[in-house]
Amino acid sequence: MKTHHYIFLSTIAFIVLFYNEDVGLNLGILGVLYSVLTLIKTPERNRSKTFFLLFAAGISSSIAFAWFADFSSFLALVVSLLLLSFRSRNRRMKSLFLVPVFVINFFTFICRVFSFGDWLPKKNIPNLFQKIFAFVIVPLIFVLVFFGIYAGVSDHFAGVFNEYEFDFDFWQIFRLSIFGFFIAFNFWNFAVEKFLYKQHHFLDNNFQKNEQTPKSTFSFLDLDTERMSGVISLVLLNILLVFFIVIYNYEQFYEVTKTPNQLSEETHERVVSLIFSIIMVILVMMFYFKSAFNFDSKSGLLRLLAKVWLFLNVVLIFSAMLTNTEYITSYGFTYKRLGVYAFLLLSLIGLVLTFYKIQFKKKNAFLFNSMSWCFYGMVLVCSFINWGGIITSQNMKRPDFVVDYHINSINFNEKYLLKYAEEKNDVDLKKKILEKTKLGISPTFLSKILYYETIQK
């Protein structure tokens with residue numbers, strides 16, 4: 001099949017799946033369809049290991065969305081499909097270009113769609129297809145567009161047609177056609193601008209030969225002075241961090257017990273400050289080891305101090321994890337408290353990758369390339385896990401379990417709440433949970449959220 005076949009097929013599938021339906025199982029099915037069609041369309045030379053991993057991620061994230069239909073599974077699905085499409089056309093291009101490529105394509109859609117010669121076949125078209133396109137598709141599009149315009153401004157015009165019973169909502173079909181075509185066109189026919197290809201070398205992980213000559217960052221500082229400045233800075237930062245770690249842990253584990261509100265406020269403030277400081281640490285490392293000191297034979301002490309500072313920051317992260325663990329042990333699980341672990345884990349990965357960058361003399365782009373994949377991997381993993389179920393199942397074991405909070409603020413936990421209601425013989429609670437469950441159940445097949453179909457009534 002040619003590109004235009006994939007565009008029209010995907011548009012038709014979008015209309016069929018979403019006509020008179022809410023978002024649910026249908027988006028998962030569409031994700032699987034896009035993944036499979038991408039696999040079929042991709043030439044053998046572009047089917048790398050990364051491509052097959054992204055294909056598996058596209059299928060699994062589609063299933064995850066069909067099961068939960070929440071934001072994390074939606075984000076994982078969208079990113080997986082965009083990365084899959086991008087890799088199918090550009091095997092070696094860095095994935096960070098994904099964002100500018102598709103943003104540019106969204107804004108240039110109108111211009112590109114009317115460049116028929118770029119995406120529609122120019123010759124050897126069967127005569128039947130020519131006639132269908134010229135005599136049916138084009139006139140139908142114009143009729144539907146102006147029908148929608150006239151019906152929107154004239155009630156009498158719309159009333160004339162309301163006297164007849166149509167089985168189809170033409171206005172909805174028109175909207176779905178436009179939206180489905182927009183998605184399909186940008187997915188199957190995106191363009192990578194030439195200026196992006198020219199900038200590709202900036203995201204290389206390794207230095208080129210001509211970039212390995214040590215030189216100072218500033219014209220008013222020679223290399224020896226800048227090196228010594230870095231050594232002095234890192235010595236002072238290491239001393240400062242050692243004192244901070246000692247005081248931080250003393251305040252957390254040896255001071256008098258705080259109230260829940262005080263502990264909550266302090267924990268959030270400290271974690272936010274800690275994550276910000278880790279980002280600053282990585283930026284400082286990127287500044288000193290962006291080029292010159294990676295290949296400076298006299299920078300051994302500077303590299304050692306940098307590694308010690310990174311190690312101390314790792315210790316600080318584990319201290320923050322212990323703080324969050326103590327908070328959870330005292331007051332239970334919430335989405336935010338689990339989110340703290342996620343951010344701290346990403347910070348830890350960032351420090352490890354920074355150490356790797358310094359040890360193996362990688363460019364700063366290595367960190368951006370690697371961390372983008374780590375962030376995507378975390379989003380993908382999070383989309384598969386029922387965090388609401390974990391939170392509720394663990395908090396149920398606590399004597400201070402707050403039922404109303406878990407009913408109103410936690411999602412996908414109905415199975416555990418029903419079990420809790422049965423254990424407590426609470427008929428009213430069971431009825432309340434079942435009423436909440438009904439909100440997630442769709443009367444139509446394509447709009448179903450599969451999780452709610454597994455709950456025993």
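In what follows, Ala, Val, Leu, Ile, Met, Phe, Trp, Tyr, Cys and Pro count as nonpolar, Asp, Glu, Lys and Arg as charged, and the others, Gly among them, as polar. The structure is a predicted model, in which local features need pLDDT of at least 70 and side-chain atom pairs count only at pLDDT 80 or more, while totals for chains, interfaces and linings use all residues. Residues are numbered from 1 along each chain as its sequence is written, and side-chain values use heavy atoms, with hydrogens and water left out.

A good place to start is the largest pocket (on a 1 Å grid over the protein atoms alone, a pocket is an open set of points where a 1.4 Å probe fits, with protein on both sides within 12 Å along at least five of seven lines; lining residues have an atom within 4 Å of a point). Its volume is about 1,000 Å³, taken as the space filled by probe spheres set on the points. Of the 27 lining residues, Phe8, Ile137, Ile141, Ile178 and Phe181 lie nearest the centre. By class the lining has 25 nonpolar, two polar and no charged residues. Helix H8 gives the largest share, 10 residues; helices here are DSSP runs of H or I with at least four residues, numbered from the N terminus. Elements that give two or more residues are H1 (3-18), H6 (109-113), H7 (116-119), H8 (127-153) and H10 (170-188).

Further along the chain, helix H14 (residues 300-331) packs with helix H15 (residues 335-359) at an angle of about 170°, their axes 10 Å apart. Axes are lines fitted to C-alpha atoms over the stretch in contact, and angles run from 0 to 180 degrees between N-to-C directions. The two helices are therefore roughly antiparallel, a word used for angles over 145 degrees. Their contact brings together 18 nonpolar, six polar and three charged residues. H14 itself, with 32 residues, reaches 47 Å from its first C-alpha to its last, close to the expected 46 Å, which is 1.5 Å times one less than the number of residues. Just after H14, glycine 332 takes a positive phi of about 95°.

Most residues other than glycine have a negative phi. Asparagine 20, however, has a positive phi of about 60° and is found in the loop between H1 and H2 (25-41). Lysine 361, in the loop between H15 and H16 (364-384), likewise has a positive phi, near 55°.

Finally, the whole structure holds seven salt bridges, each a side-chain nitrogen of Lys or Arg within 4 Å of a carboxyl oxygen of Asp or Glu. One joins lysine 432 and aspartate 404 (3.6 Å, N to O). Lysine 432 lies in H20 (residues 427-438) and aspartate 404 in H18 (residues 403-409), so the pair ties together parts that are 28 residues apart in sequence.

Conventions. Angles under 35 degrees count as roughly parallel, over 145 as roughly antiparallel, 65 to 115 as roughly perpendicular and the rest as oblique.
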